[in-house]
Amino acid sequence: MKLHVVALCTIALGLGGSMASPLALAQAPADGVILEKNIPIKVTEVAPGLFFQYHHQESNNAFLVTDEGVLVIDTRQHPRRAEELLATIRKYTDKPIKWVVNTHAHGDHYFGNIVFKREGATFIAHRDTAGMMKAHLDVEMKRRQGYFKQRQYDPAEVKLVMPDVTFDSKATITLGGRTIELLYMGPGQNPGDTLVYFPKERVIFTGGPFSKNSWPNPSFTPSMSNWVALLRKIAAMDVDTYLGGHGDIGNKEDVLHEAQMLSDFDAGMREAVAKGMSKDDIVKNVKFEKYKDVRNYYRMNLFIGSYYHFLTTGRPQNAYP
Ligand SMILES: [Zn+2]
């Protein structure tokens with residue numbers, strides 16, 4: 001396997017949007033508590049040897065099986081879940097796990113790292129993802145206690161496994177004759193958001209910035225306008241299959257839908273703040289009705305609270321650095 005790192009220019013900024021309509025919202029449950037219907041975990045071979053694992057309640061993964069070994073994208077929310085992912089991979093191959101990519105530093109995407117470390121994988125992530133894994137570990141552990149408790153998972157089993165390799169703008173991995181490009185186009189949901197691009201297969205794993213039909217947590221983004229622009233740029237890529245960190249397999253239309261949803265959320269929130277509404281006023285009186293059927297909508301009061309923090313202080317609620 002080979003790895004080389006090259007420079008990549010940053011994207012242009014842009015923001016469009018329309019106004020949201022004000023309506024009342026239901027109370028959201030505590031963070032980490034799962035209230036969604038039970039959709040079974042599904043594994044799909046989206047290109048020869050490239051598998052996508054969709055888990056509606058939690059987080060998604062992908063893995064590429066080659067003659068030389070396996071590359072895994074993200075490691076789930078707890079080592080127990082990572083063991084299940086490894087068992088799934090073993091249904092398809094007994095080749096060694098060579099690489100793990102951590103797309104972003106949210107616990108539901110890297111808390112299973114220790115299992116793949118044991119398997120001898122080399123870990124790679126963006127420099128800012130590596131920084132956030134350290135800086136936000138306590139925040140990430142705290143906001144997942146409800147999940148651990150609900151599943152009776154021992155939080156002490158989660159160990160911080162840092163990347164062995166970091167990159168700044170682009171890294172290319174070749175494994176078993178396959179090419180995997182790790183792209184950084186500036187922050188989307190998070191500083192360090194990594195896109196894992198399979199150019200020949202016309203597939204991209206989008207980690208934090210895109211999840212099909214799913215409200216993302218906006219408490220980490222340093223730039224909503226960059227996030228929206230990033231989604232529009234991803235939608236314009238030479239890609240047919242979009243694999244989100246959450247939600248099912250998407251297409252270009254799904255990516256553009258999220259761009260519009262975030263743009264509408266941003267515009268609606270800015271309008272409410274400009275009118276002098278308090279955070280509580282907005283939670284009680286503003287809702288984004290057009291998007292009420294999107295996954296995670298029940299957490300809207302948390303999203304409004306964190307984005308209100310951003311708009312009134314100029315800093316993300318979960319800022320990095
Ligand atoms: Zn996530």
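Q: What makes a run of residues a helix or a strand here?
A: Both are DSSP runs, numbered from the N terminus: a helix is H or I over at least four residues, and a strand is E over at least two. By that rule the protein chain has 10 helices and 13 strands. The loop between β11 and β12 (203–207) holds R202.

Q: What kind of model is this, and how are its residues numbered?
A: It is a predicted model, with pLDDT of at least 70 needed for local features and 80 or more for side-chain atom pairs, while totals for chains, interfaces and linings use all residues. Numbering starts from 1 along each chain as its sequence is written, and side-chain values use heavy atoms, leaving out hydrogens and water.

Q: Why is R202 called partly exposed?
A: Residues are buried under 20% relative accessible area, exposed over 50%, and partly exposed in between (1.4 Å probe, protein chains only). R202 has 30%, so it counts as partly exposed. R202 also has a positive phi of about 55°, although it is not a glycine.

Q: Why does A156 get the label partly exposed?
A: Its relative accessible area is 48%, which lies between the two cut-offs, so A156 is partly exposed. A156 sits in the loop between α6 (145–151) and β8 (165–167). Its C-alpha atom is separated by 9.9 Å from that of M141, 15 residues away along the chain.

Q: Why is D74 called buried?
A: D74 has 0% relative accessibility, under the 20% limit, so it is buried. D74 lies in the loop between β5 (70–73) and α1 (79–90). Its phi is near 65°, a positive value in a residue other than glycine. Across the protein chain, 58% of the 321 residues count as buried.

Q: What makes D108, H109 and H246 donors of the zinc ion?
A: Donors are N, O and S atoms within 2.8 Å of the metal (3.2 Å for Na, K and Ca). D108 (OD), H109 (NE2) and H246 (NE2) coordinate zinc at 2.1 Å, so they meet the limit. Water is not among the atoms, so a site may look incomplete. Along the chain, the donors follow the spacing D-H-x136-H.

Q: Are D108 and H109 buried or exposed?
A: Both are buried, because 7% for D108 and 0% for H109 fall under 20%.

Q: How do you know that N113 and N102 make a polar contact?
A: A polar contact is a pair of N or O atoms within 3.5 Å; within protein, one must be able to donate a hydrogen and the other to accept it, and residues adjacent in sequence count only if both atoms are side-chain atoms. The side chains of N113 and N102 are joined at 2.8 Å, so the distance fits the limit. N113 is found in helix α3 (residues 113–118). At 0% relative accessibility, N113 is buried.

Q: Which residues does N113 contact, beyond its neighbours within four places in sequence?
A: Contact means heavy atoms within 4.5 Å. N113 is in contact with T75, V100, N102, F123, M133 and V161.

Q: Why is S219 called buried?
A: Its relative accessible area is 3%, under 20%, so S219 counts as buried. A polar contact of 2.8 Å joins its side chain to that of N217. Setting aside neighbours within four places in sequence, S219 touches S306, P316, Q317 and N318.

Q: What makes a set of residues a nonpolar core?
A: The members are buried Ala, Val, Leu, Ile, Met, Phe, Trp, Tyr and Cys residues, joined through side-chain atoms within 4.5 Å. The largest such core has 38 residues, and W215, F265 and F288 touch the most other members. Elements giving two or more residues to this core are β11 (195–198), α7 (224–235), α8 (252–274), α9 (279–285) and α10 (300–313). A second, separate core of 23 residues includes A47, Y54, I180 and L243.

Q: How do α8 and α10 pack?
A: Their axes are 10 Å apart, at an angle of about 65°. Axes are lines fitted to C-alpha atoms, for helices over the stretch in contact, and angles run from 0 to 180 degrees between N-to-C directions. Among the residues that meet are F265 and M269 in α8, with F303 and Y307 in α10.
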